[in-house]
Amino acid sequence: MTAAHAIALSLRQVRKSYGAVEALKGVDLDVPAGRVMAICGDNGAGKSTLIRIISGAQEPSGGELSLGGKRAIFRSPHDALVQGIATIYQDLALAPRLSIWENVFMGAELVRRIGPLRVLDKRRMAEQARGYLQRLSVPIDDMDRPVERMSGGQRQAVAIARALRWDARVVIMDEPTAALGVKETALVLNLVRKLREEGRTVILISHNMADVVALADRVAILKSGVKVIERDVAGLDADALAHMVMTGKA
Ligand SMILES: Nc1ncnc2c1ncn2[C@@H]1O[C@H](COP(=O)(O)OP(=O)(O)O)[C@@H](O)[C@H]1O
Ligand SMILES: [Mg+2]
């Protein structure tokens, strides 16, 4: 990676305390645009806290964030989403009984006018949802299918389609393959590659070193609230990475 590569998101001296617990102790991080950046670290290292801050779910106790070079403040996840950061949590936040298109457009439905009335434009939402899934190489015809009747990997695709609906420049994924088998994992890794091919930036929290090595361009390792390593992934194998996560040493 060249020094000139554009930075999508950066953190400067970001701190977060929960009472006496310092979950993040002044983290600097530059997330390159259009790349996949993995965040690794043992339990308790501060990964979830970092993600909650970047996604607008929590405000930092100190430090600054900037987005595309401009100072940014995210007051809520919706606020971050509007500014271009979508977060896909492990539970995916999908409504299982609702259809694909309803999940993709939840909270931001398309409407059309009939005279003085505004009604949901179901057909356009279904068409667009199908288009998002096609872009992700997950061709599904029936947009009325309830999400509960989809596989784990396909559900991830619906969650990502929702991020595309917002045209998110940065997509954060928290342990996307943790609950999946081999085939579904391959599908999800492919979704991440598609996002990168579209020029989007992906921040991937993962315990799976094989996934990180297969997918990420760059990795940051947290240990006890400190970023101990940040480097390109090229030249690393899963064992070397696991060793770094464990010891915090390059
Ligand atoms: N809401 C909270 N209240 C108190 N302590 C918390 C809270 N969330 C996280 N912590 C503490 O902050 C530290 C970092 O946690 P976390 O960000 O969840 O790490 P990770 O996701 O890497 O496992 C841990 O010591 C954890 O116990
Ligand atoms: Mg966590």
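Helix α5 is largely enclosed by the rest of the structure, because 11 of its 14 residues are buried. Buried here means under 20% relative accessible area. The model is a predicted one, and the description below starts from this helix and then turns to the protein as a whole.

Helix α5 covers residues 152-165 and reaches 20 Å from its first C-alpha to its last, close to the 20 Å expected at 1.5 Å a residue. Its buried residues begin with G153 and Q154, continue from Q156 through A157, V158, A159, I160, A161, R162 and A163, and end with L164. An arginine, R162, is thus among the buried residues of α5. These buried residues pack against two strands, β6 (85-88) and β9 (170-174), and against three helices, α3 (100-104), α4 (122-135) and α6 (182-197). Just after α5, D167 takes a positive phi of about 55°.

The protein around this helix has eight helices and 12 strands. Of its 250 residues, 48% are buried. Among contacts between residues at least 6 apart in sequence, 64% join residues at least 24 apart.

The overall dimensions come next. A compact globule of 250 residues would have a radius of gyration near 18 Å, and the protein has 19 Å, which agrees. Along the principal axes, the C-alpha atoms fill a box of roughly 60 × 40 × 35 Å.

At the surface, the protein exposes about 11,800 Å², and carbon and sulfur atoms supply 50% of that area. As for charge, there are 35 positive and 28 negative side chains, with the centres of the two sets 3 Å apart.

Methods
Residues numbered from 1 in each chain as written. Chains lettered and ligands numbered in written order. Predicted model: local features only at pLDDT ≥ 70, side-chain atom pairs only at ≥ 80, totals over all residues. Heavy atoms only, no water. Helix = DSSP H or I, 4+ residues; strand = E, 2+ residues; numbered from the N terminus. Rg over C-alpha atoms; globule rule 2.2 N^0.38 Å. Buried < 20%, exposed > 50% of the residue type's maximum accessible area, 1.4 Å probe, protein only. Contact = heavy atoms within 4.5 Å. Areas by Shrake-Rupley, 256 points an atom, 1.4 Å probe, with all protein chains shown as cover. Lys, Arg positive; Asp, Glu negative; His and termini not counted. Charge placed at Lys NZ, Arg CZ, Asp CG, Glu CD. Expected span 1.5 Å × (residues − 1).
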